[in-house]
Every structure is written in C-alpha cells, then in structure tokens.
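Student: I'd like to learn how to read a model like this one, feature by feature. Can we go through it together?
Tutor: Sure, let's put it up and begin.

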Amino acid sequence: MMASFGQITWIAMLESAAYCVVLGAILFAGLRSHQVRAVLYSGLVVLFSIFWFASFGQLYLKQVHVTSFPLTLFIPVFLSLALDYRLVAALAPVQSVLIFNYAQQYSATLGAESSTGFESVSIVYAVLSGIMFTLVAILAWVRQHTDDELIRALNEKERLASTDSLTGLMNRRAFMDSLSTFCAAKSTFAVAFLDLDRFKPLNDQFGHAAGDAVLREISNRLQQVPGVRAAARLGGDELAVALDANLSSAELDKAVANLHSCLTRDVEWDGKTLSVGVSVGYATNARDAQSLPTLLKAADTAMRRAKAQQTGWASFSVDVDGAALDTHSSEIEFRSALSRGDLRAAIQPIANAETLEIVGYEILSRWTQCGLRQTPEPNEFIPMAERLGLLNDLLWMTLDETLRSGDVIPHRLAVNISPAQLQAPDFVDCFMNVLKARAVDPAFITLEITEQVAYRNIESNVEMLEKARRAGMTIALDDFGTGYSSLSMLDRLPLDKVKIDKSFSQRSGSSDRSDSILHASIRLAKQLHLTCCVEGIETEEAARKVQLFGADEIQGYWIGRPMLLTDTRVAFKRAS
Ligand code: C2E
Ligand code: CA
Ligand code: CA
C-alpha cells in the first residue's frame, strides 16, 4: 500500500501539512483583527486549500500536466494581494519550495528522457514565484502603510470632532451619543449639570488665561471623581457628567455632594489662589424623565434652583421644579419653532362699520406645530417671546410672511407692538427695511400699542412712535378701556386710532349702563378726531348697535375669524 503511494504521496502530504500550518496562521491573524478581515481571510484560506489539494490530488493520480504550472504560480500570488504583508513574506519561501517540488514531481511523471533539463526549469519557476511573492509583499506593505495612515488621520479627526479642545472632555455631541448608548443598553444613570459660579467676574478680574486654567483644573478633577461614566463640556462654563445610578436616592445624593465638594476646592494659578464655586443639579433617567432631552432639561432646572438658592447642589423634584421645567421646555421649544418657521401669521379682517367692506387686516401670530403637550396660545407665547427678547424676530417673520402672500395689499395692515419692542433703537429702521424689501408703502401700516408703553420709558417710547408716524405709519391704542389710565393715554400718546376692547362690545346689551359706556367711549374717540374701531363683534346685532353709536370700524368673529394666510382665500370670500 505504502509502496504504491511511493515518494510522491509522502512529500505531497508533508507539503500539504506545511501549507495548512501557514493557512492556519493566516486564519488566526484574520480572526484576531477586524471581523470583515476575518471573513476575507477565511475565504482565502478555503480557496488556497481547495487549490492545493486539487494540485496534489493531480500529483497523486499522476495526472500532472504542464498547463497547471501557471495556475500553481499565479493564483496564490493574486489571492495573497489581499493579505497582510508579513504573511505574504512568510508565504514566499513556502511557495517557492512547493513550486520546485511540484516541478520535480512533474518531471518524475515524464520519464527519464523527457525530464532532461527540467531541473533548471523547476529552479526558474521557484525563483520566479519567490520574486513575485516578494513584490506582492512590498505592494501589500505599501498599501497597508497608507491604509494605517488614513485610519490614524480619520481617528484623529473623529477624536477632535468629539472632544472639547480646551479641557479634553467630550463635547456636547459626543456626550449625547454616550447617553444614547447608555439608554440603548437600558442602564440606569444620572445626569448632573454643572455651572461654575462667579466665572464671569473671575474672567474679568484675572483674564481669560485664568478662566481657561480653572476650566481645565475642574475638568481634571471631574474625571477623577468615582462613579463618573462620561464627562463633557457643553459650552462656556457649563459641564455635564453621567453618573452610575444603581444606587439608592440617599447614596446618589451623597455621590453628587462628593462631586460638588471635589470641584469647589480653590485653584492655584500663576501664584494666585482662585476661588470658584460650582452649582450642580441632577436627575436620573429611571425616576425623572423618559427622554434624553427632558432628562437634561430636568438636571438643568435643578441646577438653576441650586444656583438661585445657593445650596451648591440639588436633585430634580417634580413638585418643586415641574413648573420651571415646563417653562424651560416651552422656551427651548419656542426658539426652535421660530427658527423652523412653525410660528406663522394669521390675519383677521377689519371692516368699515357702515358698508361692512374690509378695510384692513390685523396680523396675529400662531404657533402651528409644537412638541409640547399643548400648543400655547398667543397670550402664553407672546410674553415668553418678550422674555427671550425674540418679539422683533417674530414680528419680522410674520410681517414678511404676510407681505409675501400679496393678498392683503392694498389693505391696511395692523401689527401688535409690545413696549419692549420699541426699546430697540433701530426698531423703525428695521421695520422700514422689511417694507422696502417688499416695496410696501409705510402708509399701509398701523402699529397697535397698549397703554403699557406709557408705564416705563415713556419719553423714548413716544419718540419712537413719533418717528414711525413721520415715516408714514399710523398708531392705534389697542384694548382701550382695560388699563388703569386709558383716558390719560389719549392725551399722552401720539395716536391716530382707538380700538375699543372686546369686553365692552360683549357686555353691551346686558345693561343700559354698558351700552352708555360703549357709546361714550366711541363719542370720545370721535371728538378727539381719532378713528374708532370696536373689537369683539360676534353678532349682526352688535354690529348694528356700534354702527348706530358712530363707530368707524368693526372687528370680530362676525366679520371673520383670524385665519392662517394659507387658509384665508376660501374663508374670507365666504365672509364678504
Ligand atoms: P389683540 O391685539 O386684542 O387681538 C385680538 C384678539 O382677540 C385675538 O386673540 C383674536 O383672536 C381675538 N378675537 C378677535 N375677534 C374676536 C371675537 O369676535 N371674539 C372674541 N372672543 N375674540 C376675538 P389672539 O390671537 O389670541 O391674540 C391675543 C393677543 O395676543 C392679541 O390681542 C395681541 O395683544 C397679542 N398678540 C397676538 N399676536 C401677536 C404678535 O404677533 N405680536 C404681539 N406683540 N402681540 C401679539
Ligand atoms: Ca391688537
Ligand atoms: Ca385688542
């Protein structure tokens, strides 16, 4: 049996074994690296194995043919292009030996006379194979080297994009990504919001280098606090950490108190002792919030309370912070709604009291889409926009949207102006620019103000109103009769028109006194040569009455409800 296998079989088996060892090494290397590479390596191993076993099968069956040589030589070379250069280099001598042996076996099958000179051909094949593998190894080295450089550059770019350059902490984006990962892993964690106290005065007194040093030192300490899973600088002097929260409330309080005391130690800088404080607020994902943005807002709200009450740190409590969180959420939501264009202009018609012909429109803002539980009404979001200093942005947006639609000109347009808006020194100039951009004559514009413009900064407000009048606009006193000193306003403010508040027209008819007050108010406006408009006209009867009392204009649901600009064409046609 053994004899019939002869020398060829033993050598072939040894070679196969040697090759298998090399292939095993390749597989091992592949499995240790990236998954994709492992798959690739495994595929190559299978191909090599099939190829070599087929070749040695041919030897065993003595079916070796000279046409197999190019295959023997080239296929492994091409396949090895995808391998690690060290493996290709290791394969080079193995492949040369195998090629030499293969040629030898081939010559043995040819018989003595035909195999003459085949010795030298075997050597040439073996050397050629060695050279080719070496070249491939060099190529693989070059490719791998460039790949490594590229990967290093990409990693560095990724690191820079996710790191705050001053402190080396994560930036906001990377922090949010980590929190999302914790959420995906369903782990319980707490987010603590940190804000440095007295940071601005410190910067002003010692300069920005001192401020930077403090931020760096606090960040270093932050990373060393036990239980911190991720730490980030969110911007300015705002930092945040994610803490392990598999603790009882009392233990968590203790951990945050510890974090606070670690951070509030003085910082030595340039021979000086800098004293900084930190306010910390925290909330946990399991107890306080369902979503990440709400969790962060909850921690932020608790931090604000800690800062206001100077308690150093505070944990979020729905009972104490719930209302503040709602306001805070609405403010954040309002900002993004404004930039998304979800605040839109609605217009309500104003009609001539005699002919009922539409003479103008009042622009009223509407919040159309909102992620909050309830979409806020103008009476809720207008004061918010005022607090945030965004009323003018809202005005330019709604005004431009109205002018762009083109449906409302050549009618008069009334806009509501809060006292705070008149405080911007360039208010009238900006207004004129918006009108100019749409080629609209300022004579079409009425500014509706309330008597609140006289409560504070009356001189500058009156000056601004007079400037608007000089530019061609008209001024109306809105909600007449609801304030404390409506009558004196008629004298103190530069006015062209009075809008009698809807409460008067709605009370009218309930008693003779109410009718008398409404009648007297209209007469007073007329005597002062002011145009008189009555608001809140909901019925034909109310319209007839104020017409008899001498009103010039009427406004209310009976004439038309406020409509988003897109809905107006159909609705107002029906009304008129
Ligand atoms: P306003 O200037 O007195 O506007 C009239 C309000 O009365 C509007 O409420 C309007 O929808 C409502 N209304 C109109 N006709 C009738 C009626 O026949 N019956 C009744 N019951 N109500 C009627 P809205 O739109 O909720 O606005 C409330 C207030 O918010 C406005 O009072 C105005 O002071 C302020 N506002 C609205 N949009 C803006 C804005 O873009 N900027 C500023 N600064 N204030 C705005
Ligand atoms: Ca108004
Ligand atoms: Ca009004």
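Student: Let me start with two rings: are Phe-427 and Phe-431 buried or exposed?
Tutor: Keep in mind that this is a predicted model. Buried here means under 20% relative accessible area, and both Phe-427 and Phe-431 are buried.

Student: How do I describe a pair of aromatic rings?
Tutor: You give the distance of the centres and the angle of the planes. Searching the whole structure turns up seven aromatic pairs. One of them joins Phe-427 and Phe-431, with 5.9 Å centre to centre and 80 degrees between the planes. Planes over 60 degrees apart count as edge-to-face, and that is how the pair of Phe-427 and Phe-431 is classed.

Student: Why are Phe-427 and Phe-431 separated by about one helical turn?
Tutor: Because they are four residues apart in helix α15, which runs over residues 427-437.

Student: Which residues do ring pairs link into a cluster?
Tutor: Look at Phe-334, Trp-367 and Phe-381, which ring pairs join into a cluster.

Student: What about charges and rings? Where does the charged end of Arg-507 sit?
Tutor: It sits over the ring of Phe-504, 5.5 Å from the ring's centre. There is another case at Tyr-557: Arg-561 lies over its face, at 3.9 Å from the ring centre.

Student: On to the metals. Which residues coordinate the calcium ion (ligand 2)?
Tutor: For a metal site, go through the donor atoms and then their places in the chain. The calcium ion (ligand 2) is coordinated by Glu-362 (OE), Asn-416 (OD1), Glu-448 (OE) and Asp-478 (OD), at 2.1 to 2.3 Å. Along the sequence, those donor residues have the spacing E-x53-N-x31-E-x29-D. Distant parts of the chain are linked here: Glu-362 belongs to strand β9 (residues 358-367) and Asp-478 to strand β12 (residues 474-480), 116 residues apart.

Student: And what are the protein donors of the calcium ion (ligand 3)?
Tutor: Asp-478 (OD), Asp-479 (OD) and Glu-535 (OE), with Glu-535 (OE) listed twice, lie 2.2 to 2.4 Å from that ion. The sequence spacing of its donor residues reads D-D-x55-E.

Student: Which residue coordinates both calcium ions, and how far apart are they?
Tutor: Asp-478 does, and the calcium ion (ligand 3) and the calcium ion (ligand 2) are 4.0 Å apart.

Student: Which of these donors are buried or partly exposed?
Tutor: Asp-478 is buried, at a relative accessible area of 8%. Glu-362 also counts as buried, with 4% relative accessibility. Asp-479, at 27%, counts as partly exposed.

Student: Let's turn to the surface. Which residues make the nonpolar surface patch?
Tutor: Ile-123, Val-127, Ile-131, Leu-135, Ile-138, Trp-141 and Val-142 make a patch of about 640 Å². Take Ile-138 as an example: this residue is in helix α5, residues 118-162. With a relative accessible area of 48%, Ile-138 is partly exposed.

Student: Last one: how far is Met-176 from Pro-293 in space?
Tutor: For this kind of contact, set the chain separation beside the spatial one. Met-176 and Pro-293 are 117 residues apart along the chain, and their C-alpha atoms are separated by 9.3 Å. Met-176 is in helix α6 (residues 172-184), and at a relative accessible area of 24% Met-176 is partly exposed.

Terms used
Residues are numbered from 1 along each chain as its sequence is written. Chains are lettered from A and ligands numbered from 1 in the order in which they are written. This is a predicted model: local features need pLDDT of at least 70, side-chain atom pairs count only at pLDDT 80 or more; totals for chains, interfaces and linings use all residues. Side-chain values use heavy atoms; hydrogens and water are left out. Rings of Phe, Tyr and Trp (its six-membered ring) pair if their centres lie within 6.5 Å; planes under 30 degrees apart count as stacked, over 60 as edge-to-face and the rest as tilted. Helices (H or I, at least four residues) and strands (E, at least two) are DSSP runs, numbered from the N terminus. Buried means under 20% relative accessible area, exposed over 50%, partly exposed in between (1.4 Å probe, protein chains only). A charge sits over a ring if NZ of Lys or CZ of Arg is within 6 Å of the ring centre and within 35 degrees of the ring normal. Donors are N, O and S atoms within 2.8 Å of the metal (3.2 Å for Na, K and Ca); water is not among the atoms, so sites may look incomplete. Patches are made of residues with over 30% relative accessible area and no salt bridge: like charges are joined within 9 Å, nonpolar side chains (Val, Leu, Ile, Met, Phe, Trp, Tyr) within 5 Å. Accessible areas come from the Shrake-Rupley method with a 1.4 Å probe; for residues, only the protein chains shown count as cover. A salt bridge is a side-chain nitrogen of Lys or Arg within 4 Å of a carboxyl oxygen of Asp or Glu.
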